[in-house]
Amino acid sequence: MSADEELSYLAIADLASRYRRKELSPVDVTRAALTRIERMEPTLNAYILVTADRALNEAKAAEARIARGDAPLLCGIPFSVKDIFDVQGLPLTCASNVLKGHSSTTTAFAVQRLLDAGSVLLGKNNLLEFAYGETHPDFGPTRNPWHLDRSTAGSSTGSAASVAAGQAYFSLGTDTGGSIRLPASYCGLVGIKPTYGRVSRRGLVPLCWSCDYVGPLARTVADAATVLQTIAGHDPGDPTSARCPVPDLTTSLKQPVQGVRVGIVTREFDGVQAEVRTLTEDAVRALEGLGMRATEVQTPPFERAVVALLTLLFVEAASFHRTWLKERPEGYSAAVRDRLKMGALIPAVDYVHAQRARRVFAEGMAGVFEAVDLLVLPTSPGPAHAFTEEVPGRDFTPYVRRTCPFNLIGYPAVSVPCGFTSDGLPIGLQLVARSFAEDLLLRAAHAYERATAWHARRPAAVA
Amino acid sequence: MADEVTADGVAGVATLAAVHVGAQELPELARQLAGFLSAVRALPCPPEVEPMPGFTPLEKQR
């Protein structure tokens with residue numbers, strides 16, 4: 001690995017440590033990240049906007065702050081955000097022509113937390129249009145750094161590609177049915193969907209109010225935990241923000257995992273590709289090797305959660321987009337426009353029925369968690385699929401089947417790399433905990449990561 | 001019943017919802033809605049279960 005590559009893939013704690021020892025400068029590191037973005041775009045198409053001048057100014061300020069000795073760990077660390085978050089003074093597109101010409105007048109809570117910590121914003125990432133499952137043709141697809149003819153999954157497409165390609169050290173994404181965890185799985189990253197209410201959604205363009213989450217994509221569990229620690233906590237400006245105290249997530253990574261009860265969702269091992277199944281079973285054995293106690297569990301059927309979530313998603317998205325759909329329908333891609341129309345035509349009684357089914361599923365899952373501390377299952381049914389498989393308006397339920405149930409019930413979940421297919425594509429393992437148990441969730445994920453070397457591999461396609 | 005969703009029926013609902021649906025879009029939209037609504041209506045739910053629209057503070061503490 002070249003020195004440039006090595007620098008681009010440093011862990012956040014290592015980079016912060018080198019800043020403090022004056023071995024590296026945030027300005028030089030930011031400049032290197034911008035150079036890397038310039039070299040890889042437009043091949044990757046991970047960015048809608050690169051804020052180079054702003055980033056260099058923030059890096060200079062970070063350097064001064066580190067020199068004063070009062071800087072948080074994330075100070076001077078270059079990052080990116082999905083272009084669905086407001087950042088004051090910057091354009092906001094959501095990868096759609098509906099918002100053409102729009103600039104944000106405020107900054108999203110989570111982004112502001114990162115800026116307050118001194119992190120350096122490199123730019124705004126490409127995504128599926130309004131995070132709604134489709135690529136707008138004017139914005140184009142983001143390519144997977146592991147294989148340029150493959151998808152990154154979505155909807156946090158550019159966020160995942162940027163971190164996997166060593167452009168940004170972490171990125172902020174959103175997850176309504178798997179939009180952080182699936183790109184993390186496809187791109188060999190760690191992606192966290194926190195508990196509902198753990199991270200404020202203020203300043204995020206909503207897709208489905210009751211199922212939207214904000215979380216990090218990073219290259220290691222420790223990096224992701226550091227970011228989550230910074231963005232988590234109560235926000236009086238978000239009515240769904242929880243008042244629960246945030247545990248020390250980074251310190252808790254070092255706690256033991258012996259005796260943690262892991263429920264294997266065996267039924268969800270069916271229907272995935274053979275290599276995914278094998279790697280997931282290997283991962284379960286690795287968890288047992290770390291002293292965790294694994295047992296098979298029976299969950300309520302996930303297909304019911306998928307239908308319930310899609311009902312909420314279709315209707316809530318149609319509600320949010322109602323005015324724009326009427327006034328500027330031509331701004332949407334045809335596939336998203338069709339989906340919004342369908343959502344607007346779902347009767348209210350069916351929407352409420354889905355909410356009732358949500359409670360049935362949530363209570364069933366609460367029962368499962370009486371006997372276990374964590375669940376383990378594959379994140380996605382297969383590795384990154386080819387772009388040729390992406391047909392506008394396709395049924396995406398097979399992709400979100402193992403991720404969206406936890407959006408429906410609020411539980412935190414993480415995807416961590418658990419191996420590679422024979423043709424070199426990464427696979428993700430999903431761990432799920434009960435609400436507000438991110439400390440246990442990340443501790444287990446960290447222990448697994450340390451017992452394996454999957455996170456250390458780098459994509460050759462962008463080397 | 002969801003399997004009775006027709007293009008004419010969808011056109012009526014679209015008018016009520018103030019959503020523009022072109023005549024050529026109606027058959028496919030009706031087909032998709034019929035399939036989806038039958039899946040929604042097949043979700044089992046005892047009569048005493050109340051809706052869970054989001055997360056209450058009580059549920060957040062679980």
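Start by selecting A:Phe436, which you'll find in the loop between β11 (426-433) and α17 (438-451) of chain A. Check the backbone there: phi of A:Phe436 is near 65 degrees, a positive value in a residue other than glycine. Keep in mind as you go that this is a predicted model. Most residues other than glycine have a negative phi, and most peptide bonds are trans.

**Two cis peptides**

Next, pick A:Glu41 and A:Pro42. The peptide bond between them is cis, with omega at about 5 degrees. A:Pro42 sits in the loop between α3 and β1 of chain A. Now jump to A:Gly154 and A:Ser155, where you'll see another cis peptide bond, this one with omega at about 10 degrees. A:Ser155 belongs to the loop between β3 and α6 (157-164) of chain A.

**The sheet**

Switch to a cartoon view and colour the strands of chain A. What order do the strands of the open sheet take? There are 11 of them, running β1-β3-β2-β4-β6-β5-β10-β11-β9-β7-β8 in chain A, and the pairing is mixed. Look for the edges at β1 (47-50) and β8 (293-296) of chain A, each of which pairs on one side only. From one strand to the next, the twist averages 25 degrees. Strands of a sheet pair through backbone hydrogen bonds, either parallel or antiparallel.

For a pair to zoom in on, take β4 (residues 170-175) and β6 (residues 213-218) of chain A: they pair in the antiparallel sense over six bridges. Click A:Phe170 and look across to β6(A), where A:Ala218 stands opposite.

Then bring up helix α3 (residues 26-40) of chain A. This helix lies across β1, β2 (78-82) and β3 (120-125) of chain A, and runs at about 20 degrees to β3(A).

**A salt bridge and a threonine**

Stay with β3 and show the side chains of A:Asp83 and A:Lys124. They form a salt bridge, with the closest N and O atoms 2.8 Å apart. A:Asp83 lies in the loop between β2 and α5 (109-116) of chain A and A:Lys124 in strand β3 of chain A, so the pair ties together parts that are 41 residues apart in sequence. Over all chains, a search of the whole structure turns up 23 salt bridges.

Now select A:Thr266, in the loop between β7 (261-264) and α10 (274-289) of chain A. Which residues does A:Thr266 touch, not counting those up to four places away in sequence? The answer is A:Glu296 and A:Val297. With A:Glu296 there is also a side-chain polar contact of 3.4 Å.

**Where the chains meet**

Finally, turn on both chains and select what touches across the interface: 37 residues of chain A are in contact with 33 residues of chain B. The area buried between chain A and chain B is about 3200 Å², and carbon and sulfur atoms give 66% of it. Highlight A:Leu345, A:Arg356 and A:Arg359: they supply 23% of the area that chain A buries against chain B, more than any other three residues.

How many salt bridges are there between chain A and chain B? The count is two. To see a salt bridge across the interface, select A:Asp350 and B:Arg41, whose closest N and O atoms are 2.7 Å apart. Polar contacts between the chains come to 13 residue pairs, both residues being at pLDDT 80 or more.

To see which elements of chain A are involved, select α11 (302-320), α13 (334-344), α14 (348-368) and α16 (404-409): these are the ones that give two or more residues to the side touching chain B. α14(A) gives the most, with 10 residues. Colour that side of chain A by class and you get 20 nonpolar, nine polar and eight charged residues.

Definitions and conventions. Residues are numbered from 1 along each chain as its sequence is written. Chains are lettered from A and ligands numbered from 1 in the order in which they are written. This is a predicted model: local features need pLDDT of at least 70, side-chain atom pairs count only at pLDDT 80 or more; totals for chains, interfaces and linings use all residues. Side-chain values use heavy atoms; hydrogens and water are left out. Contact means heavy atoms within 4.5 Å. Buried area is the accessible area (1.4 Å probe) that two parts lose on being put together, summed over both. A salt bridge is a side-chain nitrogen of Lys or Arg within 4 Å of a carboxyl oxygen of Asp or Glu. A polar contact is a pair of N or O atoms within 3.5 Å; within protein, one must be able to donate a hydrogen and the other to accept it, and residues adjacent in sequence count only if both atoms are side-chain atoms. Helices (H or I, at least four residues) and strands (E, at least two) are DSSP runs, numbered from the N terminus. Ala, Val, Leu, Ile, Met, Phe, Trp, Tyr, Cys and Pro count as nonpolar, Asp, Glu, Lys and Arg as charged, and the others, Gly among them, as polar. Two strands pair if DSSP finds at least two bridges between them. Axes are lines fitted to C-alpha atoms, for helices over the stretch in contact, and angles run from 0 to 180 degrees between N-to-C directions.
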